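Student: Could you take me through this structure slowly, explaining the reason behind each label as we come to it?

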Amino acid sequence: MHKSLRFIIGERMPRYCIICGREETSEKALVNGLCTECFLKHRGILKSIPVYDITICSVCGSWRYHGRWHPPLPVEDIIKKMIHDGYEKIVNKGVELIEVEDIQRIYKVNKGFYEALVNVTAVLSNNDIVRSTIKIRFRLNKVVCPLCSRKAGKSFNALVQIRSERGYLTDLEKEYIYGVLTDPGLSNDVVEIKDGKHGIDIKMLTPVIARKLASTISREHGAKVIETFKLRKYDPRTGRKNGVTTLSVRLPDLSEGDIVSYNGELGIIRNIEHSRVRVHFFSGKTSSISINDYWRGSLSRVNAVEDKEYLVIAHDSTTLYLLDEKTGEIKEYPRQTNLNMVKDGDRVKGYRVKDRLYMVKVEGDNHGEEEKA
C-alpha cells in the first residue's frame with residue numbers, strides 16, 4: 001500500500017527518537033519525542049538544579065516550612081519532604097511522578113550553602129520507571145524560633161499550679177509530674193518550672209498545652225482542676241484579650257495504706273490507679289471507688305495511728321493469736337470478717353481509729369468480694 005494511502009485511511013505513522021533514531025513501539029513509547037535513554041541523557045529528570053531555603057531553630061531544632069514551625073527533623077528528612085512536596089515545579093515535562101529514595105551525599109559549597117546528591121525513582125509519561133541521581137542545592141539558615149525567643153524572655157501565657165490537699169507534694173508525686181513533663185508535646189511549651197515548698201509552678205507558652213498537662217494529671221491521678229483568667233491587655237479594635245490562664249491542679253490527699261471512710265464505713269486503701277481508689281473495708285469486702293467521691297466528700301481520710309505488726313501463730317473460729325516478734329508478747333484478737341481468710345504465718349498490722357483497734361492483713365488483699373462504686 002502506498003505510504004500516503006496508509007496515512008489517509010488512518011494507519012499511524014511510525015515515530016522515531018529525534019536524537020538516536022530509535023523507532024517507537026507499543027512496548028517502548030517515546031517521552032516527548034525521545035526514547036527513555038536519550039531523555040535521561042540529554043534532558044534528565046530536572047529542568048535545572050533547584051535551590052531550597054531551609055530554616056532551622058538553632059535552639060530547639062524545629063524547622064520552618066510554608067510559614068509554620070514544625071518539630072525537629074534531620075536535614076536529610078527535610079530535603080526529602082521539600083523535594084517530594086514540590087516536585088511538579090522542578091521536573092521536566094514527561095516526568096509524571098518522583099519519589100525520593102535517600103540522600104547519597106551532602107557537601108558544603110561555602111558558608112551556609114550546600115549541595116546534595118539525591119537518589120530518586122521517577123515514573124515517566126510512557127510508564128517507564130527509572131532510577132536516577134539528581135543534584136539539589138540548599139541554603140541553611142539558623143535562627144531562633146518564636147517559641148524559643150519567648151522562652152528566653154520568660155514570656156508566658158499560662159500558669160499551671162500543682163498542689164496537694166495535704167499542703168505539700170510527696171517525692172512520688174513530684175517524680176510523677178516530672179515524668180509527665182518528659183513528653184516533648186508538653187516540655188517544648190514549658191518556659192520555667194519552680195519547685196517550691198507547697199508545690200510546683202509551671203509557666204507555659206500556650207493555654208492549650210497547659211490544659212493538656214492539667215487534663216493528664218486529672219485523668220491519671222484524680223486531680224481537681226480550676227481554671228481562671230487574668231487580663232493583661234485588651235484590644236477594642238479586634239476584641240482580642242491578652243492575659244494569663246491559670247490552672248490550679250489539686251491532688252487528693254490519699255495514699256496507699258491510708259485509713260479512709262466511705263459513706264461512714266472504714267477501710268484501708270490498697271492502691272490508687274487511673275482515678276480509682278481500691279479500698280479493702282474492715283467489713284471484709286473490697287471496692288473500687290471513683291476519686292470523684294473524694295471531692296464530693298463521701299470518701300475521706302481518717303486520722304489513724306499505726307500500731308504494731310504481728311505474726312499470726314495460731315487461730316480458731318473466733319480468735320487470732322498474734323506474736324510481737326520484737327518483744328515476744330502474744331496478743332489475742334477477735335477474728336473480724338475481714339480476717340476470715342487469715343491463716344498461720346500471715347502478718348497483720350494494727351491501726352487505731354479513736355479508741356478502737358483494727359487489724360488488717362499486710363500481704364495480699366484478694367480475699368473478699370470486690371465492688372465498684
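Tutor: We begin with a definition: a residue is buried when its relative accessible area is under 20%, exposed when it is over 50%, and partly exposed in between, using a 1.4 Å probe and protein chains only. Please keep in mind that this is a predicted model, in which local features need pLDDT of at least 70 and side-chain atom pairs count only at pLDDT 80 or more, while totals for chains, interfaces and linings use all residues. Residues are numbered from 1 along each chain as its sequence is written, and side-chain values use heavy atoms, with hydrogens and water left out.

Student: Why is Asp346 called buried or exposed, whichever applies?

Tutor: Asp346 has a relative accessibility of 12%, and the limit for buried is under 20%, so Asp346 counts as buried.

Student: What makes the contact between Lys343 and Asp346 a salt bridge?

Tutor: A salt bridge is a side-chain nitrogen of Lys or Arg within 4 Å of a carboxyl oxygen of Asp or Glu. The N to O distance between Lys343 and Asp346 is 3.6 Å, so the pair satisfies that definition. Lys343, at 48%, is partly exposed.

Student: How many salt bridges does the structure hold, and which parts does the one between Arg301 and Asp258 tie together?

Tutor: There are 23 salt bridges in the structure. In the one between Arg301 and Asp258, the closest N and O atoms are 3.2 Å apart. Arg301 lies in strand E16 (residues 299–301), whereas Asp258 lies in the loop between strands E11 (240–251) and E12 (259–262), so the salt bridge joins parts 43 residues apart in sequence. Here a strand (E, at least two residues) or a helix (H or I, at least four) is a DSSP run, numbered from the N terminus. Both residues also belong to a network of salt bridges that includes Arg166, Glu173 and Asp253.

Student: Why do Arg301 and Asp258 get their accessibility labels?

Tutor: Arg301 has a relative accessible area of 38%, which makes it partly exposed, whereas Asp258, at 14%, counts as buried.

Student: How do you know that the structure has zero disulfides?

Tutor: A disulfide is a pair of cysteine sulfur atoms within 2.5 Å, and a search of the whole structure finds zero of them. For Cys17, the closest cysteine sulfur is that of Cys20, at 3.6 Å, which is too far for a bond. Cys17 is buried, with 4% relative accessibility, while Cys20 is partly exposed, at 42%.

Student: What makes a space a pocket, and what is the volume of the largest pocket?

Tutor: On a 1 Å grid over the protein atoms alone, a pocket is an open set of points where a 1.4 Å probe fits, with protein on both sides within 12 Å along at least five of seven lines, and lining residues have an atom within 4 Å of a point. The volume of the largest pocket is about 510 Å³, where volume means the space filled by probe spheres set on the points, which are joined across faces, edges and corners. Of its 19 lining residues, those closest to the centre are Ser62, Trp69, Leu147, Asn188 and Asp189. Helix H4 supplies the largest share of this lining, five residues.
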